[in-house]
2 protein chains.
Amino acid sequence: MTADDGAQPTAQSERFQQARAAQAMAILEDYAEMISDLIQEMGEARITDIASRMGVTHPTATKAVARLKREGLAVSRPYRGVFLTDEGAELAERVRARHRTVVDLLVAVGVPPETAEMDAEGLEHHVSEITLKAFERYLDAAAK
Amino acid sequence: MTADDGAQPTAQSERFQQARAAQAMAILEDYAEMISDLIQEMGEARITDIASRMGVTHPTATKAVARLKREGLAVSRPYRGVFLTDEGAELAERVRARHRTVVDLLVAVGVPPETAEMDAEGLEHHVSEITLKAFERYLDAAAK
DNA sequence: ATACATTTAAAGCCTTGGCTACATTTCTGT
DNA sequence: ACAGAAATGTAGCCAAGGCTTTAAATGTAT
């Protein structure tokens, strides 16, 4: 009836699939950024601290770290802190920069800073490169 | 060490928990909106059409509809179309309006329309009421 | 009206990302 | 040095949201 079952995806279904893919990356990104934060602040990232800051229990944090390791983004030895690989650190830095840009843009269009910080946490993972660049241009223009 | 294990959550951990909660609603919102779209366009929403537009297989769509029914957002009889309850229709309408606002705002700050449409699909679920209101004010101001 | 095509349903599998409960290891203080 | 506390690991449970495969119901066309 709608003419595409299993056949070529529509633009719309592609958007949903894209959104789902972004979501799959989101947690990895959050954990990588958190680990990076902790290393900067305290020299190492302990499972307990990661869990506490992410608002999850430590087994959950352990699982997430296992996934990061599987993806080649982190390394760790039993009963020791977690560290990022070069790739992981790079991801964390990109995520951090994007987060700042998103918060800044929200504030620039009139969102209260606290709310901006809150919403950015979920929002940021769905901001594409193109949109990010647009945000940066907008902020640059507004800064002048 | 970081002083809050299981104790009161930090502002940061609360943000993450909030983002996770928003994510849990996201799929429900997407399906509700899609069902609403289909009903408007074709008078009813068939499982096959929902699946095709969402870019998933029909068993997956069936499961999603089951959740909607469980949450009191939709109703359906075996081998018949899916319909929204008042609550479901209201949710769909809110989601649709928010989607439009988000796309408009993205375009207003310089994001190409096609990209705006793409990113909004994931973004919208994390835009709080407060942020949405700010977007609307911004768009109003820019319209003048 | 009956055979064939399409649609829906049902069952069962997988991964993710939460959780609790329990075991083990490391750290710390006396 | 050793006991108790704290941190980490491991196992197993759950729900969500994908999937494929198989079965049943519905719709359609000769």
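This passage walks through the fold of one chain, the pairing of two chains, their shared core and the surface near a DNA strand.

The structure is a predicted model, in which local features need pLDDT of at least 70, side-chain atom pairs count only at pLDDT 80 or more, and totals for chains, interfaces and linings use all residues. Residues are numbered from 1 along each chain as its sequence is written, while chains are lettered from A and ligands numbered from 1 in the order in which they are written.

Chain A is a good place to start. It holds 6 helices and 2 strands, where helices (H or I, at least four residues) and strands (E, at least two) are DSSP runs numbered from the N terminus. Along the sequence these elements come in the pattern α-α-α-β-β-α-α-α. The C-alpha atoms of chain A fit a box of roughly 55 × 50 × 25 Å along the principal axes. Of the 144 residues in chain A, 38% are buried; a residue is buried if 20 or more other C-beta atoms, placed from the backbone, lie within 10 Å of its own, exposed if 12 or fewer, and partly exposed in between. Contacts are counted when the C-beta atoms of two residues, placed from the backbone, lie within 7 Å. Among the contacts in chain A with a separation of 6 or more, 49% join residues 24 or more positions apart.

Next comes the meeting of chains A and B. The contact draws 46 residues from chain A and 45 residues from chain B. On the chain A side, helix 1 (11-42), helix 2 (47-54), helix 4 (86-108), helix 5 (113-123) and helix 6 (129-143) each supply at least two residues. Helix 1 of chain A gives the most, with 11 residues. By class, this side of chain A splits into 18 nonpolar, 16 polar and 12 charged residues. Here Ala, Val, Leu, Ile, Met, Phe, Trp, Tyr, Cys and Pro count as nonpolar, Asp, Glu, Lys and Arg as charged, and the others, Gly among them, as polar.

How do the two copies sit relative to each other? A turn of 180 degrees and a shift of 0.0 Å along the axis lay chain A on chain B with an RMSD of 0.1 Å, the superposition being by least squares on the C-alpha atoms of residues with pLDDT of at least 70 in both. The two copies are therefore related as by a two-fold rotation axis. In chain A, Leu123(A) has the C-alpha nearest that axis, 2.6 Å away. Both copies use the same surface, as 98% of the contact residues of chain A recur in chain B.

The largest nonpolar core has 24 residues, and those with the most contacts inside it are Val102(A), Leu106(A), Val109(A), Val102(B), Leu106(B) and Val109(B). A nonpolar core means a set of buried Ala, Val, Leu, Ile, Met, Phe, Trp, Tyr and Cys residues joined through C-beta atoms within 7 Å. Helices 4, 5 and 6 of chain A and helices 4, 5 and 6 of chain B each supply at least two residues of this core. Setting aside neighbours within four places in sequence, Val109(B) is in contact with Leu105(A), Val109(A), Ala134(A), Phe135(A) and Tyr138(A).

Helix 4 of chain B (residues 86-108) runs for 23 residues and reaches 33 Å from its first C-alpha to its last, close to the 33 Å expected at 1.5 Å a residue; that expected span is 1.5 Å times one less than the number of residues. Its buried residues include Leu91(B), Val95(B), Val102(B) and Leu106(B). After helix 4 of chain B comes Gly110(B), with a positive phi near 110 degrees.

DNA strand D is surrounded by 22 residues, the closest being Arg46(A), Thr48(A), Pro59(B), Thr60(B) and Tyr79(B). A residue is near a strand if its C-beta atom, placed from the backbone, lies within 6 Å of it. Helix 3 of chain B gives the most to this surface, with 5 residues. The surface near DNA strand D has 11 nonpolar, 6 polar and 5 charged residues. Tyr79(B) lies in the loop between strand 1 (74-76) and strand 2 (82-84) of chain B. Although Tyr79(B) is not a glycine, it has a positive phi of about 65 degrees. Tyr79(B) counts as exposed because it has 7 C-beta neighbours inside 10 Å.
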